[in-house]
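User: I am new to this structure and would like to go through it step by step. Please show it to me before we start.

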Amino acid sequence: MQTAQQRLDKVLSSIHDAARRAGRAPHDIRLIGASKAQPVAAIRELAVLGIRDFGENFVQEALQKQAALADLDLVWHFIGRIQSNKTREIAECFDWVHSVDRIKIARRLSQQRPSDRGPLNICLQVNIQHEPSKAGLHLESLDEVAHAARELPGIQLRGLMAIPQPSDDLVTQRRPFAQLRAALEKLHAQGLHLDTLSMGMTADMDAAILEGATMIRIGTALFGPREPRGASRANAAPHPWTNVPKD
Ligand SMILES: *Cc1c(COP(=O)(O)O)cnc(C)c1O
């Protein structure tokens, strides 16, 4: 059984190695602990070791953890599917939202963001490979949504996010990440100054860093395995974390 310190050291050294291979500075890659299904104590342990950013997929679970960890100065990222009836809580309680995939959601988050908190940082989620089971815009509609989102006062469009199809092969893993980076560069050329590429999870973080990830969302490698959410449910989906639309 590894300790949190050992898991963290391993993740940091992977970031370091991949960054060096890419000719990048390791501190340009922000590590987000993907803490869904992990207990408050495990988040606290990592916070004590210096991790400040945590990503949650489910609103009610996140609000409970935020309350239990309110004594710490943490940055909360919403990285799960967004149901429109949950946007108010997301706008009020998070610092970043990585999974905005339609303009309607961006508008609601903008309207519902409390003005004293400053604009909510958002990324547009892109479904690069057009996977029917996954959330995300298709690349073809990205420009239109990005330009519309930029006009909204309560949010600040920061960049793009993607969750590509799993693959064991580094070359195959890199391809969709390269496409996401090209999409960001295209928006940049159109005058949108975006600085964030949220891409890379435990199994593909090296590929993501090689293609320019500025935020990686790491669950398993940081926390160890999580209890499958579907375990106590009759209708568990095969990939419960990326596919289940329920909250
Ligand atoms: C669960 C999750 C992660 C982390 O996954 P691991 O493979 O455990 O690192 C990252 N991003 C999103 C959107 C997730 O749902």
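User: How many nonpolar, polar and charged residues does the shell around the ligand have?

Analyst: This is a predicted model, in which local features need pLDDT of at least 70, side-chain atom pairs count only at pLDDT 80 or more, and totals for chains, interfaces and linings use all residues. Residues are numbered from 1 along each chain as its sequence is written, and side-chain values use heavy atoms, with hydrogens and water left out. The residues around the ligand, meaning those with a heavy atom within 4 Å of it, include Ala-34, Lys-36, Asn-57 and Arg-217. With Ala, Val, Leu, Ile, Met, Phe, Trp, Tyr, Cys and Pro counted as nonpolar, Asp, Glu, Lys and Arg as charged, and the others, Gly among them, as polar, the shell has five nonpolar, four polar and three charged residues.

User: Which residue has a polar side-chain atom 2.5 Å from an oxygen atom of the ligand?

Analyst: A polar contact is a pair of N or O atoms within 3.5 Å, and a backbone N or O atom of Gly-219 lies 2.8 Å from a ligand oxygen. A polar side-chain atom of Arg-226 also lies 2.8 Å from an oxygen atom of the ligand, while the side chain found at 2.5 Å belongs to Thr-220.

User: Which residue of β6 stands opposite Leu-124?

Analyst: Strands are DSSP runs of E with at least two residues, numbered from the N terminus, and two of them pair if DSSP finds at least two bridges between them. Strand β5 (residues 120-125) pairs with β6 (residues 155-161) in the parallel sense over six bridges. In this pairing, the residue opposite Leu-124 is Leu-160.

Conventions
A polar contact is a pair of N or O atoms within 3.5 Å; within protein, one must be able to donate a hydrogen and the other to accept it, and residues adjacent in sequence count only if both atoms are side-chain atoms. Buried means under 20% relative accessible area, exposed over 50%, partly exposed in between (1.4 Å probe, protein chains only). Helices (H or I, at least four residues) and strands (E, at least two) are DSSP runs, numbered from the N terminus.
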